[in-house]
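The following exchange explains how certain descriptive terms apply to a structure. Each answer sets a value against its definition and then concludes.

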Amino acid sequence: MASLNGKVVLITGASSGFGAAAARLFAREGCRVVLSARRKERLEDLAEEIRADGGKALAIACDVTRQEDIEALVKATLDAWGRIDVLFNNAGFGRLKWLDELAPAEDIDQQIDVNLRGAIQMARAVLPHMYAQGSGHILNMSSVAGWIASPLYSVYAATKFGLRGFTEALRREAAPFGVHVTGIYPGPAHTEFGHHTGNEAFKEQLAAPDWLSMSAEHVARAAVRLVKHPWLRRIILPWWFHPLLWLNSHCPRLVDFFLGQFTRRQRQR
Ligand SMILES: NC(=O)c1ccc[n+]([C@@H]2O[C@H](COP(=O)([O-])OP(=O)(O)OC[C@H]3O[C@@H](n4cnc5c(N)ncnc54)[C@H](OP(=O)(O)O)[C@@H]3O)[C@@H](O)[C@H]2O)c1
């Protein structure tokens with residue numbers, strides 16, 4: 001997909017962070033962007049900003065844990081613009097807690113429902129339209145936590161590893177129909193992600209230092225690059241996570257030791 005001009009790009013989690021930054025960039029590429037998330041006012045403001053900049057944007061509220069919202073979102077997009085070229089499955093959040101301290105419903109089920117089940121159901125809802133078009137691209141937002149699982153992020157890591165497996169399987173399943181499926185795996189970045197960890201005490205201690213964190217725009221640029229060059233299949237960023245991933249595969253005891261020491265010091269009991 002060399003030029004994105006005129007493509008319809010549906011973005012979940014577009015009310016802040018990577019999703020909002022990606023919406024601005026896709027719109028600047030000439031795409032018609034559909035902004036979805038739960039906070040409608042934020043979406044309306046962003047859609048207004050994009051239109052004022054000469055772009056085309058629709059704001060549609062959608063909670064990805066609700067099947068009826070997903071179906072309404074896809075229908076509203078098709079009613080408005082007749083097609084869906086790109087789905088950016090980006091909505092998600094992470095709780096930073098020991099497993100035994102995660103609440104069964106609002107921490108465990110909700111993370112699985114948003115990060116994994118929501119992304120799967122969104123993909124399932126758009127695929128028939130992409131198959132009928134004979135083209136399309138589903139870009140799934142995983143994380144480096146989909147490669148290296150850290151203590152305190154056990155369920156978050158499970159969702160992001162799960163999304164990586166889903167991405168790989170669906171890539172092979174959808175390719176014969178002209179539909180690309182790719183994954184993006186960012187490390188720490190400046191977004192509102194840290195507001196939803198549910199753990200103020202650890203947030204300060206375990207937050208990546210500022211100089212290690214990427215901007216939301218940096219990650220969004222990688223998302224646009226991946227949609228333009230689907231043969232890349234995945235982008236892991238920043239670059240220095242590549243040697244860490246290698247260490248995790250080939251010297252897991254070293255990584256166990258490091259992550260264990262680092263988090264044990266923070267244990268509050
Ligand atoms: N920041 C990082 O360090 C980092 C690193 C790697 C991967 N990620 C991943 O990047 C993605 C975006 O996160 P972010 O860092 O940009 O954080 P963010 O600023 O908090 O954005 C999260 C987005 O997800 C949406 N969302 C949450 N629950 C939702 C639901 N039930 N239905 C629909 N939308 C929902 C939020 O919108 P509403 O609240 O308005 O619904 C918001 O737009 C997530 O999948 C996250 O796991 C983040």
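Q: What makes Val64, Thr65, Ala91 and Asp113 contacts of Gly118?
A: Two residues are in contact if their C-beta atoms, placed from the backbone, lie within 7 Å. Leaving aside neighbours within four places in sequence, Gly118 meets this condition with Val64, Thr65, Ala91 and Asp113. The model is predicted: local features need pLDDT of at least 70, side-chain atom pairs count only at pLDDT 80 or more, and totals for chains, interfaces and linings use all residues. Residues are numbered from 1 along each chain as its sequence is written.

Q: Why is Gly118 called buried?
A: A residue is buried if 20 or more other C-beta atoms lie within 10 Å of its own, exposed if 12 or fewer, and partly exposed in between, with C-beta atoms placed from the backbone. Gly118 has 25 other C-beta atoms within 10 Å and is therefore buried. Gly118 belongs to helix H4, where helices (H or I, at least four residues) and strands (E, at least two) are DSSP runs numbered from the N terminus.

Q: Why does Leu259 count as partly exposed?
A: Leu259 has 16 C-beta neighbours inside 10 Å, so it counts as partly exposed. This residue is placed in helix H9 (residues 252-264), and its contacts, leaving aside neighbours within four places in sequence, are Ser150 and Pro151.

Q: What is unusual to note about phi of Leu152, and is the residue buried or exposed?
A: Phi of Leu152 is near 80 degrees, a positive value in a residue other than glycine. Leu152 lies in the loop between E5 and helix H5 (154-174). Because 23 other C-beta atoms lie within 10 Å, Leu152 is buried.

Q: Why is Arg233 placed in its exposure class?
A: Arg233 has 14 C-beta neighbours inside 10 Å and therefore counts as partly exposed. Its phi is near 70 degrees, again positive in a residue other than glycine.

Q: How do you know that strands E4 and E5 pair?
A: Two strands pair if DSSP finds at least two bridges between them. E4 and strand E5 (residues 136-141) are joined by 4 bridges and run parallel, with Asn140 in E5 as the bridge partner of Asn89. The chain passes from E4 through H4 to E5 in a right-handed β-α-β crossover; that is, with the strands pointing away from the viewer, the path from the first strand over the helix to the second runs clockwise.

Q: What makes strands E2 and E3 a pair?
A: Strand E2 (residues 32-37) and strand E3 (residues 56-61) run parallel and are joined by 6 bridges. Val34 has Leu58 as its bridge partner in E3. The β-α-β crossover from E2 through helix H2 (residues 40-52) to E3 is right-handed.

Q: Which residues have the most contacts inside the largest nonpolar core, and what makes it a core?
A: A nonpolar core is a set of buried Ala, Val, Leu, Ile, Met, Phe, Trp, Tyr and Cys residues joined through C-beta atoms within 7 Å. The largest such set has 73 residues, and those with the most contacts inside it are Ile11, Ala22, Ala23, Val33, Leu35 and Ala223. Leu35 touches residues including Ile11, Ala23 and Leu58, not counting residues up to four places away in sequence.
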